[in-house]
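Grab a pencil and work through these exercises on how the parts of a protein hold on to each other. Try each task before you read its solution.

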Amino acid sequence: MKHLLSAADLSHEQALKILDTAEAMAMTQSRQVKKLPTLRGKTVVNLFFEDSTRTRISFETAAKRLSADVINFSAKGSSVSKGESLKDTALTLQAMRVDGIVIRHRFSGAAYRLAHAGWSDVPVINAGDGNHQHPTQALLDAMTLRRHYWGARGGELAGRDLKGAKVVIVGDILHSRVARSNVDLMGTLGAQVTLVGPPTLMPVGVEDWNCDFTYDFDTALNTEPDAVMMLRVQNERMSAAGGGFFPSVGEYHRAYGLDRSRFERLPEKTVIMHPGPMNRGMEICAEAADSPQSVVVEQVGNGVNIRMSVLYLLLAPEGGLL
């Protein structure tokens with residue numbers, strides 16, 4: 001595998017290799033000197049056509065921790081704002097002889113197009129394309145859950161998947177590349193995923209996905225899940241589609257928010273996840289977001305470990321991502 005474009009592309013063996021390598025990377029980050037010489041002399045471009053904080057900074061940090069040179073590209077203020085196409089941007093980067101491209105784009109399929117259209121011959125990592133895929137987010141979610149799921153049971157993490165884990169993903173499934181990526185990856189790793197949301201925010205054809213789904217949040221919580229992942233309502237994509245997906249913020253919160261009542265019902269083993277940014281008071285209450293069961297900040301930290309792992313396995317001569 002030369003690129004990382006979709007969580008669905010990863011085999012069970014490849015997913016475990018990334019997770020296990022990420023754990024090895026995490027061990028190096030507890031040292032006083034966190035930098036590794038692994039990608040010295042390599043240049044990585046963060047090609048971001050959408051706004052981002054966590055993902056862009058996480059990829060930048062990961063590349064620099066591996067001693068790569070990093071170029072941060074933002075569509076705002078670049079030739080893209082003057083009408084330059086993705087093809088011409090890619091050809092420009094190719095001429096500059098970069099070694100890897102991390103791309104986030106508002107259009108689904110942009111990362112695949114960049115990787116396979118012949119515009120570039122370097123590894124491409126999808127950092128989110130439209131409402132399609134966000135594979136490194138799913139990997140960092142799996143890393144976080146694996147630590148807690150197996151941590152309670154003891155033993156080594158290496159080589160362990162998520163078989164038997166129950167994961168509930170709640171909210172705006174329709175517009176969520178995080179939900180799609182997690183369904184793909186968690187399924188590959190053996191977890192049982194249940195999607196929850198209003199009918200208007202469930203994708204057409206969800207019954208064919210490798211997961212269960214329900215419109216009743218409380219019913220899903222009765223399964224005593226190992227993780228509850230709350231998703232942000234993506235108002236910017238709803239506005240583009242004309243809005244009208246639910247009556248009001250209050251109605252949405254009452255039916256699909258992790259409010260204090262639902263939070264207090266959660267088993268102690270259940271971790272609370274969120275890909276961020278959080279809308280407190282809408283999809284999640286402050287008590288849940290700030291509780292010891294919340295692993296949201298841990299997810300951010302694991303994002304650096306996962307992205308170090310992926311960059312190493314794709315770009316280092318000795319990496320070899322199968």
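Before we start, one term: a polar contact is a pair of N or O atoms within 3.5 Å, where, within protein, one must be able to donate a hydrogen and the other to accept it. Keep in mind, too, that this is a predicted model.

**Exercise 1.** Work out how domain 1 and domain 2 meet, starting from the domain assignment.

*Solution.*
- Step 1: Find the domains. The assignment gives residues 3-134 plus 301-315 to domain 1, and 135-296 to domain 2.
- Step 2: Look at the contact. Domain 1 puts in 37 residues and domain 2 puts in 31.
- Step 3: Check the area. About 2600 Å² is buried between domain 1 and domain 2, and carbon and sulfur atoms give 58% of that.
- Step 4: Look for polar links. There are 16 residue pairs in polar contact across the interface of domain 1 and domain 2.
- Step 5: See who supplies the domain 1 side. At least two residues each come from α1 (12-28), α2 (54-65), β3 (100-105), β4 (124-129) and α12 (296-315). The largest share, nine residues, belongs to α1.
- Step 6: Sort that side by class. You get 15 nonpolar, 14 polar and eight charged residues.

**Exercise 2.** Take the salt bridge between Arg177 and Glu50 and find out which parts of the chain the pair ties together.

*Solution.*
- Step 1: Recall the idea. Side chains of opposite charge can pair when their charged atoms come close.
- Step 2: Check the distance. For Arg177 and Glu50, N to O is 3.1 Å, and the cut-off for a salt bridge is 4 Å.
- Step 3: Place both residues. Arg177 sits in helix α6 (residues 177-188) and Glu50 in the loop between β1 (43-48) and α2, so the pair ties together parts 127 residues apart in sequence.
- Step 4: Check the surroundings. Arg177 and Glu50 are both buried.

**Exercise 3.** Is Asp218 buried or partly exposed, and which residue does Asp218 pair with in a salt bridge?

*Solution.*
- Step 1: Find the partner. Asp218 pairs with Arg265, and their closest N and O atoms are 2.8 Å apart.
- Step 2: Place the pair. Asp218 is in helix α7 (residues 217-221) and Arg265 in helix α10 (residues 260-265), 47 residues apart.
- Step 3: Use accessibility. Buried means under 20% and exposed means over 50%. Asp218 has 27% relative accessibility, so Asp218 counts as partly exposed. Arg265, at 41%, is partly exposed as well.
- Step 4: Widen the view. Salt bridges that share partners join Asp218, Asp259, Arg262 and Arg265 into one network.

Note on methods. Residues are numbered from 1 along each chain as its sequence is written. This is a predicted model: local features need pLDDT of at least 70, side-chain atom pairs count only at pLDDT 80 or more; totals for chains, interfaces and linings use all residues. Side-chain values use heavy atoms; hydrogens and water are left out. Domain bounds come from an automatic or database domain assignment. Contact means heavy atoms within 4.5 Å. Buried area is the accessible area (1.4 Å probe) that two parts lose on being put together, summed over both. A polar contact is a pair of N or O atoms within 3.5 Å; within protein, one must be able to donate a hydrogen and the other to accept it, and residues adjacent in sequence count only if both atoms are side-chain atoms. Helices (H or I, at least four residues) and strands (E, at least two) are DSSP runs, numbered from the N terminus. Ala, Val, Leu, Ile, Met, Phe, Trp, Tyr, Cys and Pro count as nonpolar, Asp, Glu, Lys and Arg as charged, and the others, Gly among them, as polar. A salt bridge is a side-chain nitrogen of Lys or Arg within 4 Å of a carboxyl oxygen of Asp or Glu. Buried means under 20% relative accessible area, exposed over 50%, partly exposed in between (1.4 Å probe, protein chains only).
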